[in-house]
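Colleague: I should like a close look at one part of this model, followed by its wider setting. Please take the charged side chains as the main theme.

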Amino acid sequence: TTTTTSTTAAAATTSRQHGDDKKKAKKTRKAATMKLVPIDHAYTLPNFRQLSDANFEWLYWRQAREPFSEETKDYVLSLDPFFDASVLIRLGIPEECAITVVITTLFLQRCVSAGMTLSEIGDMIQRQGVGESPSVLENIVSEALLEHEEAIGRRKGASRDSRQCSPLNRGGGL
């Protein structure tokens, strides 16, 4: 699992704020176990079934409405979301969150290929208005899940095979 240095940093900051001697702060830092914990990871990399909270403050910035440079397009199109997801899973990130990387990267690549701006892309990911209606991306994910579940059902019925394909499997449906 990942960990955070917040205990150590808080102890060092408190020591300085309250005028305690530096030796005490050093002892606290050495004694504390260092841990790294992702902050707000549920919003940074949510489960792909829970994309409704996407909220982009930059959506209406002027630069978000500008076209991508050729260099940026080339970079986005060179991303390998399946490799990235496999790395995240090896690091202990839940598969459902790693699938989010695959879905959003493929979505980004399709949008960039279509010549869309960051603002237009973000507008398709973020719910509009008061957020009661699913976003375009949420609808795409819902439809893909239904198709995947139907395909699994058809395969189970036809072959009596109880194995399920992971959506991360390149042939798995998402």
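In which loop is D80 found? Please begin there and continue to the salt bridges, the surface charge and the nonpolar core.

Modeller: The model is a predicted one. D80 is found in the loop between α4 (residues 70-78) and α5 (residues 81-90). Its relative accessible area is 33%, so D80 ranks as partly exposed, the class that lies between the cut-offs of 20% and 50%. In space, the C-alpha atoms of D80 and T105 are 8.2 Å apart, although 25 residues separate the two in sequence. T105 falls within the range of α6, which covers residues 95-113.

Helix α4, on one side of that loop, holds a salt bridge between E70 and K73, in which the closest N and O atoms are 3.3 Å apart. The two residues are three positions apart in the helix, and therefore about one helical turn separates them. E70 counts as exposed because its relative accessibility is 52%, whereas K73, at 24%, is partly exposed.

The salt-bridge count comes to three. Another of these pairs is R62 with E66, where the closest N and O atoms are 2.8 Å apart. R62 is exposed, with 55% relative accessibility, while E66 is partly exposed at 40%.

R127 and E138 also meet through their side chains in a salt bridge, with an N to O distance of 2.8 Å. R127 lies in the loop between α7 and α8 and E138 in helix α8, so this pair ties together parts that are 11 residues apart in sequence. R127 is partly exposed, at 22% relative accessible area; E138 is buried, at 10%. As a general point, side chains of opposite charge can pair when their charged atoms come close.

Helix α8, which spans residues 136-159, also contains E149. E149 belongs to a surface patch of negative charge, in which it gathers with E143, E147 and E150.

The nonpolar core remains to be described. The largest core has 15 residues, of which F48, I103, F107, I121, L137 and V141 touch the most other members. Two or more residues come from each of α6, α7 (residues 118-125) and α8. The greatest contribution is that of α6, which gives five residues. In soluble globular proteins, nonpolar side chains tend to be buried together. Helix α8 thus appears in several parts of this account: it contributes to the core, it carries E138 of a salt bridge, and it includes E149 of the negative patch.

Methods: Residues are numbered from 1 along each chain as its sequence is written. This is a predicted model: local features need pLDDT of at least 70, side-chain atom pairs count only at pLDDT 80 or more; totals for chains, interfaces and linings use all residues. Side-chain values use heavy atoms; hydrogens and water are left out. Patches are made of residues with over 30% relative accessible area and no salt bridge: like charges are joined within 9 Å, nonpolar side chains (Val, Leu, Ile, Met, Phe, Trp, Tyr) within 5 Å. Accessible areas come from the Shrake-Rupley method with a 1.4 Å probe; for residues, only the protein chains shown count as cover. A salt bridge is a side-chain nitrogen of Lys or Arg within 4 Å of a carboxyl oxygen of Asp or Glu. Lys and Arg count as positive and Asp and Glu as negative; His and the chain ends are not counted. The place of a charge is taken as NZ of Lys, CZ of Arg, CG of Asp or CD of Glu. Helices (H or I, at least four residues) and strands (E, at least two) are DSSP runs, numbered from the N terminus. A nonpolar core is a set of buried Ala, Val, Leu, Ile, Met, Phe, Trp, Tyr and Cys residues joined through side-chain atoms within 4.5 Å. Buried means under 20% relative accessible area, exposed over 50%, partly exposed in between (1.4 Å probe, protein chains only).
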